[in-house]
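Biologist: I'd like a close look at just one part of this fold and whatever packs around it. Could you pick a good spot to start and take me through it?

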Amino acid sequence: MYTSQLGQVNGKNPHHRRSIAAALVQGVYVLEHDRQQGRYEHNALAPPWWDFFDLHLNQVLIDDTDLSIFGAIFEFKYPNSNLNPPGAPRPPHYIIAFRGTLTKPETRAQDLRLDLRFVFNRPQNSSRFQLAIQVVQKMVSIAGASNVWLAGHSLGSAISLLVGRYMVKMGYHLETYLFNPPFISIPTEQIKNNTLKHGVRITISIIKAGLAAAIKRHGPNKFEENEPFDVLSSWIPCLFLNPTDPICSEYIGYFDHRVKMENIGASEIERLATQNSFRSMVLGALGRDSEPSHLIPSAYLTINLGPIQDFRQAHGVEQWWSPNFLSQSKLHQFK
């Protein structure tokens, strides 16, 4: 189990912080499995996922359609937390974690329905997002933004990302851990030939920049070029990506391509292209809400470069609490 791998937990250690966030997301998955299997109290399997870190379960978040547990609020016990050895920074008061899609019969329909909402850029209308916003705002009002973390995996990371974006626009920057967040786009990152892949990305950037400029010119009241990215640029969520996972790997190319475009002197083209999707531009031209919910200006990327056996492993949350995986990390700051 993950607890035997961590030893003495130190909140100053990036691996430990990542592992704690991933373990709590797993705890939400197991909470829902416990509910489905009728495991309660002493028979429940979920509590060890937070007990080790001296947290307790403050509240579960329940979907009002299928009554499944899709998230939870965890609260640190003070002052004797394993996460707070001498000299280490104090942990947050609350960590709010969200699970991803479960394909069990009890949750499959609602989870897949929400997946489609994100594909079509309409997640704000979901009851899960609305409840997530409510509880996050409440916890921030109680403890302050610096004392609240967000964490999520897959669909749960999409919810965390959307909530984090919303809170930034409200003036609050939350520490956020996004494991295998979905990127809705053509899977360009899966192209094996790097020259071809780079060429495809340059072509897409030129087309998007040209379309964005044309829409702005002919409909200035329906298209805002920089405002969302300028507002969000100071927020730096932590993204955890696997290059063999087609659901999240496009974030790798999304950020790396910005650096390559800057290196060849095309930063202005990419600055315009990077904050738009084709769908968002079409909707913007029609005067509809067009801000793409998955695009972010800045992020701290951690990429798992270790050997992966299959898609299940590449997309699984368990890879992120292992202390031995080969990784590469880089800060990308939008300017």
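Modeller: Let's start at the largest pocket, whose lining takes in 27 residues, with Tyr-29, Thr-101, His-153, Arg-312 and His-315 lying nearest its centre. A pocket here is an open set of points on a 1 Å grid over the protein atoms alone, where a 1.4 Å probe fits and protein sits on both sides within 12 Å along at least five of seven lines; lining residues have an atom within 4 Å of a point. Helix 2 (14–37), helix 4, helix 6 and helix 12 (311–315) each give two or more residues to that lining (helices being DSSP runs of H or I, at least four residues, numbered from the N terminus). By type, the pocket lining splits into 14 nonpolar, nine polar and four charged residues (nonpolar is Ala, Val, Leu, Ile, Met, Phe, Trp, Tyr, Cys and Pro; charged is Asp, Glu, Lys and Arg; polar is the others, Gly among them).

Bear in mind this is a predicted model: local features need pLDDT of at least 70, side-chain atom pairs pLDDT 80 or more, while totals for chains, interfaces and linings use all residues. Numbering runs from 1 along each chain as its sequence is written, and side-chain values use heavy atoms, leaving out hydrogens and water.

Now follow helix 6 (residues 155–169). Its axis comes within 10 Å of that of helix 4 (residues 108–119), crossing at roughly 50° (axes are fitted to C-alpha atoms over the stretch in contact, with N-to-C angles from 0 to 180 degrees). The two are therefore oblique, meaning outside under 35 (parallel), over 145 (antiparallel) and 65 to 115 (perpendicular) degrees. On the helix 4 side, Asp-111, Leu-114, Asp-115 and Phe-118 meet Leu-155, Ala-158, Ile-159 and Leu-162 of helix 6, contact being heavy atoms within 4.5 Å. That patch has six nonpolar residues, two charged and no polar.

Helix 5 (residues 127–143) also has its axis within 10 Å of helix 6, crossing at roughly 55°, so helix 5 is oblique to helix 6. Here Arg-128, Phe-129, Ala-132, Ile-133, Val-136, Gln-137 and Val-140 meet Leu-155, Ile-159, Leu-162, Val-163, Tyr-166 and Met-167: 11 nonpolar, one polar and one charged. Leu-155, Ile-159 and Leu-162 touch both partners.

Finally, the largest cavity (points where the probe fits but cannot get out) gets its biggest share of lining from helix 6, four residues. Among the lining residues are Phe-118, Ala-158, Leu-162, Tyr-251 and His-294. In all, that lining has eight nonpolar, three polar and no charged residues.
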